[in-house]
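Student: I would like a close look at a single part of this model, taken slowly and with the pairing partners named. Could you walk me through the sheet and what lies around one of its strands?

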Amino acid sequence: MVSSKLERAARKAQSQGRIPAISAALTRADRPDWSIQVGTAGEGRTPGPHTQFRLGSITKTFTAVLVLQCRDAGLLDLDDRIGDHLNVPAQGAHTIRDLLAHRSGLQREPYGDVWDTEVGPDAKRLLAELSHAERVLPPQRRFHYSNLAFAMLGHLAAAKRGGTWEEILQEYLLTPLGLSDVTVHPTADAATGYLVDAYSDHARPECPTDTGGLGPAAQLWGSAPDAAKWAAFLADPATVDPDGAVLAATTLEEARQPHSIRDEAVWSGGMGLGLMLEPQKNRTVHIGHYGAMYGFLAAAFGRVGPDQPAGFAACVLGSSGTAGETMDLVHELLDIAATEDPKDIPLWTPAGPVPDEYRPLLGRWWSEGFGFTFAWRDGALQARGDGAPTQAPPAVFTPIEPDRFRTVSGREAGETLSIERDGDGNVTAMRWAGYLVTRDQSTPLVERLPLTR
């Protein structure tokens, strides 16, 4: 049933969007992969699951991972200036982190009319012409999308690894993850991209654009199944790269943290380190990127949140450069799959007794007049505040020394929880993130200060 609804959504998007061809794919660890191709790839060709479409700016997520690999390898720090690692005549003061998060204020495009000529400058010329580029906004002021920033980042990673961007992309990402359908240049099986006339059914083929030195921002081609696998890696790397051989799961978790807001008026989307963040209902987030090039639109996003399947991601690729239905469909597919075929409900099983040292900490506690329940769940001490959303994760603690814990996730992550005892060794209070936690609903101020009228 769910497959038929996914197929219907794809066919509806292709028809209403007047898209010559759509290729869509959905992957999740607990179900077989799903994909569909609708329409014509050009010249009477029928698209298949390995047919390539232009990925456009989804390329930026690959470049971001290459940079993060360099950081984890000790080759750079994200708060270094890019000029400390890349020989540039200008614009070297931008930090690598700001460039990744599109908050450097660097102008959007390279010098010259690169999108008019449809041929990008080579890497040497692109970097040399940075002296003509502007910082159009103060750094860290606001989100400002920049293809030029990601071109610089790609050449930074290449310089640190001792190769070209294309070479390190193949060596460090495409080959290890088995993304054989993702290439820098199109193969013979690539779909034709079109400009569909607004007032007729005529579709005019677009000329493929070689972005040259701008490649780290937009050059890649790929199939929907491979791009969906890549999105699953970004959102839930344990399912695609379980040993962390390509990138540590904690590094991708860092990349998924919001660094800037893409629409500050309504906070409808955020930007991590090269990753777009699209908040959904019930504390669920879609993580990935959109892409747009002449004749093509693309979207690849993974879905994370409470009760979501592992490795859950989708990709939609379309051969029209003007049909927004391509972008919308990726989120619709994820919603359909999550709603119509939700994650299996795990079986609850009894556990062993609570360790003696934790038993005095369990139950009802108060801090600043608000209630908390401390419990032993899944082999760890946890806490949940009164009225916390059901989907919100609890605070989880790990011991660091006797009577002292570190909050490793949830509320007050990173802060310590200390246990206070009386002379007989009985637990009398706790102190969490600097605040007193007591068994009754009181505060130090209430106890110290008399009520005055």
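Tutor: Two strands are said to pair if DSSP finds at least two bridges between them. In this predicted model, strand E9 (residues 276-279) and strand E10 (residues 285-293) pair in the antiparallel sense, with 4 bridges between them, and Met276 has Gly288 in E10 as its bridge partner. These two strands belong to an open sheet of 8 strands, whose order is E2-E1-E12-E11-E10-E9-E8-E7 and whose pairing is antiparallel. At the edges of that sheet lie E2 and strand E7 (260-261), each of which pairs on one side only. Helix H1 (residues 2-17) packs on the sheet, where it touches E1 and E2, and the direction of H1 makes about 25° with that of E2.

The part I would examine most carefully is strand E1. On one side, E1 pairs with strand E2 (residues 31-39) in the antiparallel sense over 7 bridges, and Ala21 is matched there with Gly39 of E2 as its bridge partner. The two strands E1 and E2 form a hairpin, with 2 residues between them. E1 also pairs with strand E12 (residues 313-318), again in the antiparallel sense, over 6 bridges, and in this pairing Ala25 stands opposite Cys315 of E12.

The side chains add a further layer to this picture. In a regular strand the side chains alternate between the two faces of the sheet. In E1, Ala21, Ser23, Ala25 and Thr27 point one way, while Ile22, Ala24, Leu26 and Arg28 point the other way, and all of them are buried. Because 8 of the 8 residues of strand E1 (residues 21-28) are buried, this strand is largely enclosed by the rest of the structure.

Beyond the sheet, a pair of helices can be described in similar detail. Helix H2 (residues 59-72) and helix H6 (residues 147-161) pack at an angle of about 40°, and their axes are 9 Å apart, which means that H2 is oblique to H6. The crossing in which H2 passes H6 is left-handed. On the H2 side the contact is made by Lys60, Thr63, Ala64, Leu66, Val67, Gln69 and Cys70, and on the H6 side by Asn147, Phe150, Leu153, Gly154, Ala157, Lys160 and Arg161. The residues of this contact between H2 and H6 divide into 7 nonpolar, 4 polar and 3 charged.

Terms used: Residues numbered from 1 in each chain as written. Predicted model: local features only at pLDDT ≥ 70, side-chain atom pairs only at ≥ 80, totals over all residues. Heavy atoms only, no water. Axes fitted to C-alpha atoms, helices over the stretch in contact; angles between N-to-C directions. Parallel < 35°, antiparallel > 145°, perpendicular 65-115°, else oblique. Left-handed = near helix turned anticlockwise from the far one by under 90°. Contact = heavy atoms within 4.5 Å. Nonpolar A, V, L, I, M, F, W, Y, C, P; charged D, E, K, R; others polar. Buried < 20%, exposed > 50% of the residue type's maximum accessible area, 1.4 Å probe, protein only.
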